[in-house]
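Reader: I have a model open and would love to talk it through with you. Shall we go over it together?

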Amino acid sequence: MLKILIVDDEILERTALTKIINSSLKDVVVIGEAPNGRIAIEMAMEHHPDIIFMDIKMPGIDGVQAVKAIKKVNPCIRFIMVSAFNTFEYAKEVMQQGVKEYILKPSRMQDILAALDRVSADILEERKQREEQQSLRASLDRAVSIAQKEWVSTVLVNQVQDITFDEWGQLLGVEITSGYIMVFSLQPSGMNELSTSEKQKWYLWLKETLKFIVNKQEIMVGPLTDSQVPVLFLCKKATEKAHFKTSAQAIIDNLNRLFEKEGFAAELRIGVGLPYNHAHELNKSYHEALMALQHLLKTPNRKFLFAVKQGSAELPSQSGVLEIEKKLLEAVRQGDVNQVLFIFESFATMLAEDKNIKGSLVKKSFDELFILISRMLHELGISYERTPAVEESEDIMAIFEKGKAHLLAVVHHVQVWRNNHAKGMLHKAKEFIETHYAESITLELVAEYVELSPYYFSKLFKDRFGMTFIDYLTEIRIKHAKAEMVDPGKSLKEICYSIGYKDPNYFSRVFKKHTGLSPTEFRKVTVG
């Protein structure tokens, strides 16, 4: 059905045109009439007609001006110009706007319908071509997607033999010099396992989001296996390989930011393999990414980890370093100065005992640690932008001293925050729970209300009040249930619903667990 808008300053002309069109044609409908150019522009923006019959000569904004304004916003709208003035200058102006149809007043019925028929035929033909192109493009995209997924699968089992980076580059229309693998893993944030539908939803989100962040020609998304997805990232220039960490870091940061906004009840972890120049070497990158992911899953505070090149001078025991980072981050979060100093001194001693460790490697380790601390502070809602100015040329002891000074400054900042701001936010959270206990309230909802991540809100809440969020919510609900049971006019079912529970049986079990009595028994004891 094609939508028509009639624009004319004469009401009789509008009425006549509307009657002719609505009574003569089945597949078109007049959706409105406008008496001048200004209203025509407004109606075009609101109703998006396919065709507009536009009078040229009108007071105020005339037809030519209206066509120009509408074309700027919606160039797909077609126009049939109507005028009592058989003037070439008017015709020339609207022809410059792509208008091909021009009829004169008073218009004969056959002229109106013939012009409308020609324009309608053009629109329908254009739509048909567009649909065919979209269908063809969708089929091609599906075919390429399947081919890419199968090719990534062959990478994982080291069977890449039949196609090279050059050949993929020719197919995709880009020059590819190297590639590397990231393995993305979705981890449940609580005790419950992730359902198949949740994993599938995340997989589709991951594919679409990566295409949004990265040009889709520069990635190949592999299959979802359990909760893991391997993704091949293609480097178009030699410089991209040299600086791939910078590029990968930007992708990871953007992805994590969007992941948090999406509200998945899970955590995202990412292992990153090293880049290689040949397709048959990508299997190495895949295994490196898997190993990085395995180390990562032992460290809940860290969201991603880059693989380390084998044979290079490395920090002692990567898993040992991750464990120390984990303990150090927890001590910083608690604002525990003594624990921070003890863990840091142990870390420094471990590094100092290895004679092969260079200052540049220590600096790199500290940089990564300070990035983790900065992210943790951000998630807590703490603003602290300062970083230690450490130079690679400095000796190890100087780097240690600067690192220690920075950590102490951070811990002091955390202490102040915990004593002031965190108290305020947690008090605000308690007030919110006490006000909204009867609603479908969740940990995530309250964490969002006080602008903390659910993970850290849960930690802070338990540290501060000695009980979990759900225990406190239950305590509030049971307290209100007891108060309402004094009123014999209220049924237990009413009370159950009024305090936020939807299942009377579940309410009864929770009540008995907390009071030692069932709701019925409690009411008998207290009310009689």
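Author: Happily, and let us begin with a definition: buried means under 20% relative accessible area, exposed over 50%, and partly exposed in between, with a 1.4 Å probe and protein chains only. This is a predicted model, in which local features need pLDDT of at least 70, side-chain atom pairs count only at pLDDT 80 or more, and totals for chains, interfaces and linings use all residues. Residues are numbered from 1 along each chain as its sequence is written, and side-chain values use heavy atoms, with hydrogens and water left out.

Reader: Does K199 count as buried or exposed?

Author: K199 is found in helix α7 (residues 196–213); helices (H or I, at least four residues) and strands (E, at least two) are DSSP runs, numbered from the N terminus. Leaving aside neighbours within four places in sequence, K199 is in contact (heavy atoms within 4.5 Å) with L194, L224, D226 and S227. Its relative accessibility is 16%, so K199 counts as buried.

Reader: Which class of accessibility does H48 fall in?

Author: H48 is found in the loop between α2 (37–47) and β3 (51–55). Its phi is near 50°, a positive value in a residue other than glycine. At 44% relative accessibility, H48 counts as partly exposed.

Reader: Which strands stand at the edges of the sheet with parallel pairing?

Author: This open sheet of 5 strands has the order β2-β1-β3-β4-β5, where two strands pair if DSSP finds at least two bridges between them. Two strands have a single partner strand each, so one side of each is left without a neighbour in the sheet. These edge strands are β2 (28–34) and β5 (101–104).

Reader: What is the bridge partner of V82 in β5?

Author: Strand β4 (residues 78–83) and β5 run parallel, joined by 4 bridges. In β5, the partner of V82 is I103.

Reader: What angle does helix α1 make with β2?

Author: Helix α1 (residues 11–24) packs on the sheet, where it touches β1 (2–7), β2 and β3. Axes are lines fitted to C-alpha atoms, for helices over the stretch in contact, and angles run from 0 to 180 degrees between N-to-C directions. The direction of α1 makes with that of β2 an angle of about 170°.

Reader: Why are the buried residues of α3 on the same side?

Author: The buried residues of helix α3 (residues 63–73) are G63, V64, A66, V67, I70 and K71. The arc is that of the directions from the helix axis to the C-beta atoms. They lie on the same side of α3 because the arc they cover around the axis is only 155°.

Reader: Which residue in β8 stands opposite S185?

Author: Strand β6 (residues 178–188) and strand β8 (residues 228–235) pair in the antiparallel sense over 8 bridges. They belong to an open sheet of 5 strands with mixed pairing, in the order β7-β8-β6-β9-β10. Opposite S185 stands Q228.

Reader: Which helix gives the most to the largest nonpolar core?

Author: A nonpolar core is a set of buried Ala, Val, Leu, Ile, Met, Phe, Trp, Tyr and Cys residues joined through side-chain atoms within 4.5 Å. Of the 55 residues in the largest one, V332, I373, L407, I433, V446, F457 and F507 touch the most other members. With 12 residues, the helix that gives the most to this core is α14 (residues 396–436).
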